[in-house]
Structure formats: C-alpha cells, structure tokens
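Here's a quick tour of some helix packing and a couple of buried side chains. Have the structure open as you read.

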Amino acid sequence: MNHYPLFADLNGRPVLLAGAGKVAERKAESLLQAGAAVRVVARELNPVFQKWADEGKIEWLGSEFHDDDLDDVFFAVAATDDYAFNRRIFQAAEQRAKLCNTVDTADLCSFTVPAVIDRSPLKIAVSSGATAPVLARKWRQIIETLIPLHTGQMAALAGKWRNAVKAKIKGTANRRRFWENLFDSRFNALAAQGNLDAAEAELAAQLDGFGAAKGEVVLVGAGPGDAGLLTLHALQAIQAADVVFHDALVSDDVLSMMRKDADKISVGKRAGSHHVQQEETNRLLVEYARQGLRVVRLKGGDPFVFGRGGEEAQVLRQANIPYRIIPGITAALGATAYAGIPLTHRDCAQSALFVTGHSKHDGHQPDWRTLALSNQTLVVYMGTLKAAETAEKLMAHGRSGDTPVAIVSNGTLPHQSVVTGRLKNLSELAENAPRPAMIVIGEVVSLRDELKWFQENPAQSRLHTLHEQAA
C-alpha cells in the first residue's frame with residue numbers, strides 16, 4: 001500500500017482550488033459539502049462559480065496564482081486543462097509541504113481523492129491510488145448497492161450514545177461486542193423502518209441489560225496460503241477476533257484479513273527454528289479466553305490435519321472453554337490442485353494417503369509396506385528433511401524407483417514452485433526445494449505437464465527441466 005487512507009475534517013479550513021470549469025465545479029461541490037472555505041484561482045468564473053461567489057460561498061482570488069496563496073491553506077486542488085499551470089501549483093505545494101491533488105494527472109498528485117459511498121455520517125472510500133479511477137468507481141457502484149440507506153441513521157444514533165456506552169461498559173472488547181450485537185439486532189430493523197425513536201429505545205434497553213460476554217476459542221483453518229481459499233466462516237471468525245494466535249505458515253495475505261486493532265501473536269514453527277512450545281500455546285488460549293475475549297487459533301491448512309487442533313481442542317474441553325472448529329483446505333488438496341496434480345485418477349490412483357515427515361514420538365515408524373503400495377498417491381507433509389529416508393524405505397518395500405514424484409513449495413501462492421522427478425532422485429530434489437514444501441509420490445504426478453494451469457516460477461521451471469533430464 002503506497003497511499004495512507006484518511007478522512008480529513010475540512011470544516012472551516014481554507015482549500016485552494018485552481019480552475020472554475022466543469023471539472024473544478026465537481027471538486028468545489030464536494031469541498032463545500034465538507035464545509036471547506038474554498039479559495040478559487042481562475043482566469044474567469046463559470047456561471048455556477050459566479051453564483052457561489054455572489055453568495056459568499058467561495059472566495060475568488062483572481063486570475064493570477066501566487067505561491068504565497070498556499071501559505072495558510074490546508075491543501076490544494078489543481079483542476080485546469082493547463083498542464084504547465086497545474087505543474088506550477090503542484091511544485092509550489094511541494095516546496096511548502098502542502099498536499100496537492102491534480103485532476104487526472106497522477107504524477108502531479110501527493111494525494112488522491114477516492115470514490116465515495118456516502119451514508120453520512122458513515123462514509124466508505126474506494127481508491128486505486130490513481131492507477132485506475134474507473135475501476136474504483138465501478139466498485140463504488142457495486143458497494144453502493146450493498147449498504148442500506150438507513151446505515152447513516154444507525155451511525156448517527158451510535159454517535160449520540162457513544163459516550164454513554166463507554167461509561168457503562170468497561171473494556172474495548174466488551175464495547176465492541178455490544179455494538180456488533182446491536183447492529184445485528186432488532187435495532188437494525190427499526191432503523192430500516194424509519195422508527196428512530198423505537199430504535200433508540202432498543203439501544204437503551206440493550207445497554208441497560210448488557211453483561212460481559214464469555215470468551216471463546218475458534219480453531220480456524222487458514223488454508224494453504226491463497227487468501228481466496230478461506231471459507232466464509234473462517235473470514236468471519238478472523239474479522240471478529242480480539243486476538244489471533246497464528247502459525248508461521250499462515251500467509252501475509254490471510255493475516256491482512258484481521259481487524260487492525262486485534263492482537264496478532266505468532267506461535268508457529270518451522271522445522272529447525274525456534275518456536276513457542278505447544279504447551280505454552282495451549283496455556284495462552286485458555287488464559288485469553290478466560291478474559292472474555294474472542295480468540296482465534298489460526299492454522300495453515302486444516303486444524304485437524306497435522307495441525308494439532310485435536311490436542312488444543314482437548315485442552316479447551318478440559319478447561320471448560322467454549323470452542324468451535326472451522327475446517328480449512330489442507331495443503332495436500334490446495335497445493336496439488338494448484339500444481340495440476342490430481343490426488344486420484346481412475347487410471348493410476350484409486351486412493352490417497354496423507355502422512356507427516358515428523359512424529360511426536362521419536363523412533364516411531366509408519367507402516368512402510370502400506371505406504372509403498374502401487375496405484376495410490378502418497379502425500380508427505382513436512383517431509384523434505386527426511387526425503388532420503390522416505391525414498392529408501394519406500395523402494396525397500398516395493399515401490400519402484402521410477403515412480404514419479406513432485407515437490408510443491410509455497411503451494412497456491414504467487415511464488416509457488418514445483419519440481420518433478422523420480423523417487424530414486426527424491427533426496428536431490430528435496431535438497432534444493434524452497435520451504436515450506438510437500439512431497440507428492442505416485443503416477444498422478446505424470447499428469448502435471450498436461451494439467452498444470454497455475455503460474456510457475458521460471459527459475460523453478462528450468463530446474464524442473466534439468467532434473468527431468470538428469471532422471
């Protein structure tokens with residue numbers, strides 16, 4: 001994000017507007033509606049501007065711009081069809097550390113004006129950072145249809161009662177909970193009917209009967225990385241959370257979906273790196289929930305597929321903490337789909353097995369004979385560190401060394417990479433694969449060249465070719 005969004009209070013503040021044509025007229029209307037004291041520099045005024053000047057709504061400074069016209073203004077807007085004139089104003093504003101917007105000229109803007117959905121006092125702004133204003137207006141029109149007209153009236157009532165709610169309800173989380181419950185309640189319906197007196201009475205009644213809510217924990221699957229793969233329930237839980245404990249594998253795009261005022265705490269781990277012990281994570285989940293907070297435990301993939309969600313749910317149950325489970329798309333499903341590798345196929349794989357390359361109990365050995373069976377797909381989570389052992393054991397128990405394999409790194413993300421080869425070369429492939437990664441073993445991997453569709457890293461594609469030649 002290269003623009004910082006804000007809403008400025010212009011009431012009574014002077015703003016310089018260069019131009020008095022149709023485009024400048026639209027700018028002046030918005031500025032006047034915001035209460036700005038508009039000062040106009042223009043060679044001549046069109047009839048609308050002349051009327052505003054006669055009524056004292058604007059101040060006409062004349063046809064000549066002087067640099068010191070900017071000295072005491074809040075910001076400037078250049079809306080003429082003279083590029084050189086607009087550029088002069090912008091440069092003068094830059095020298096005085098004043099913000100300047102030049103209509104339809106991105107290189108002469110230190111701020112942009114968004115498309116606005118107005119439900120005063122609630123306003124929603126949509127901006128493309130001056131790159132695609134038509135696209136911003138398109139989305140403004142779409143959002144416009146989603147925001148009920150009475151939303152502004154609800155906001156006005158909320159503003160009227162804000163101090164009373166703050167005095168009655170202690171704690172930011174409790175106050176947030178009150179407002180969220182109110183806006184989803186009968187209060188909304190009454191406001192939509194235009195019965196504002198009844199809506200205000202409903203607000204007062206809910207405030208009088210409000211009690212601090214109990215905390216809860218939601219174990220949420222964040223999916224394999226692409227934020228578009230979040231479920232609707234997962235998104236709602238993340239955006240409602242007071243605090244989010246997240247794994248290291250949860251992508252930045254998913255974390256950006258959190259409320260900005262929520263606490264974000266990393267408790268994740270990567271192989272070979274320092275991390276918060278599981279016992280400490282369990283303790284923190286219980287501790288924060290007992291404070292009455294809405295806690296989200298956000299896990300890459302699915303909480304119940306190698307995510308220790310079952311262990312955490314047991315701890316919450318024993319501590320009598322209310323909890324919910326929101327499943328996510330596990331990496332084996334998401335990463336293989338984005339790699340163009342079907343887990344099953346009638347011609348070559350009638351089953352799929354998911355296994356982990358790490359176990360809680362040292363020395364634990366899987367049933368290698370079962371894992372080595374043909375006509376099935378084997379997906380190994382967190383398996384790159386033990387790739388040599390995995391290949392050796394599978395071949396020792398009957399799986400052919402020529403079995404196709406793939407390593408999918410950063411699955412579903414823009415920088416996803418996929419390398420393919422043979423089981424006998426798995427150790428070499430794994431040694432150079434970026435992490436996090438998962439291993440796919442089985443004849444279905446041979447379908448990738450036909451079915452791949454998602455963006456590949458060109459460097460990794462070259463590596464893929466080299467490995468295929470070596471195999």
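Contact here means heavy atoms within 4.5 Å. With that in hand, keep in mind that this is a predicted model.

## Helix α1 and its two faces

Let's start with α1, which runs over residues 22-33. Is its length what you'd expect? At 1.5 Å a residue, its 12 residues should span 16 Å, and the end C-alpha atoms sit 17 Å apart, which agrees.

Which residues of α1 are buried? They are Ala 24, Glu 25, Ala 28 and Leu 31. These cover an arc of only 125 degrees around the axis, so they fall on the same side of α1. The face turned away from that buried side is where you'll find the exposed residues Lys 22, Arg 26 and Gln 33.

As for what lies over the buried residues of α1, the cover includes three strands and a helix: β1 (14-18), β2 (37-41) and β4 (75-78), along with α2 (47-54). Past the end of the helix, look for Gly 35, which follows α1 and has a positive phi, near 90 degrees.

## α1 against α2

Helix α2 is part of that cover, and the pair is worth a closer look. The axes of α1 and α2 come within 10 Å and cross at roughly 35 degrees, and the crossing is left-handed.

Which residues meet between α1 and α2? From α1 come Ala 24, Glu 25, Ala 28, Glu 29 and Leu 32, and from α2 come Val 48, Phe 49 and Trp 52. Ala 24, Glu 25 and Ala 28 are also among the buried residues of α1.

## α5 alongside α8

Next up are α5 (residues 151-168) and α8 (residues 196-208), whose axes come within 11 Å and cross at roughly 25 degrees. Angles under 35 degrees count as roughly parallel, so α5 is roughly parallel to α8. The crossing of these two is right-handed.

On the α5 side, the residues that meet α8 are Gln 153, Leu 157, Lys 160, Trp 161, Ala 164, Val 165 and Lys 168. Their partners in α8 are Leu 196, Ala 199, Glu 200, Leu 203, Ala 204, Leu 207 and Asp 208.

## α11 and α12

Helix α11 (residues 278-289) and helix α12 (residues 309-318) have axes that come within 10 Å and cross at roughly 45 degrees. That angle makes α11 oblique to α12. This is a right-handed crossing.

What does α11 bring to the meeting with α12? Gln 278, Thr 281, Asn 282, Leu 285 and Val 286 do the job, facing Glu 311, Glu 312, Val 315 and Leu 316 of α12.

## Two buried residues: Thr 102 and Met 154

Thr 102 belongs to strand β5 (residues 99-102). Is Thr 102 buried or exposed? Its relative accessibility is 1%, so Thr 102 counts as buried. Setting aside residues up to four places away in sequence, Thr 102 touches Ala 78, Asn 86, Phe 90, Leu 108 and Cys 109. Of these, Ala 78 falls in β4 (75-78).

Back in α5, we find Met 154. At 9% relative accessibility, Met 154 counts as buried too. Apart from neighbours within four places in sequence, its contacts are Phe 183, Phe 187, Asn 188 and Ala 191. To get a sense of scale, try Met 154 and Val 286: they are 132 residues apart in sequence and 36 Å apart in space, C-alpha to C-alpha.

Definitions and conventions
Residues are numbered from 1 along each chain as its sequence is written. This is a predicted model: local features need pLDDT of at least 70, side-chain atom pairs count only at pLDDT 80 or more; totals for chains, interfaces and linings use all residues. Side-chain values use heavy atoms; hydrogens and water are left out. Helices (H or I, at least four residues) and strands (E, at least two) are DSSP runs, numbered from the N terminus. The expected span of a helix is 1.5 Å times one less than its number of residues. Buried means under 20% relative accessible area, exposed over 50%, partly exposed in between (1.4 Å probe, protein chains only). The arc is that of the directions from the helix axis to the C-beta atoms. Axes are lines fitted to C-alpha atoms, for helices over the stretch in contact, and angles run from 0 to 180 degrees between N-to-C directions. Angles under 35 degrees count as roughly parallel, over 145 as roughly antiparallel, 65 to 115 as roughly perpendicular and the rest as oblique. A crossing is left-handed if the near helix is turned anticlockwise from the far one by less than a right angle, and right-handed if clockwise.
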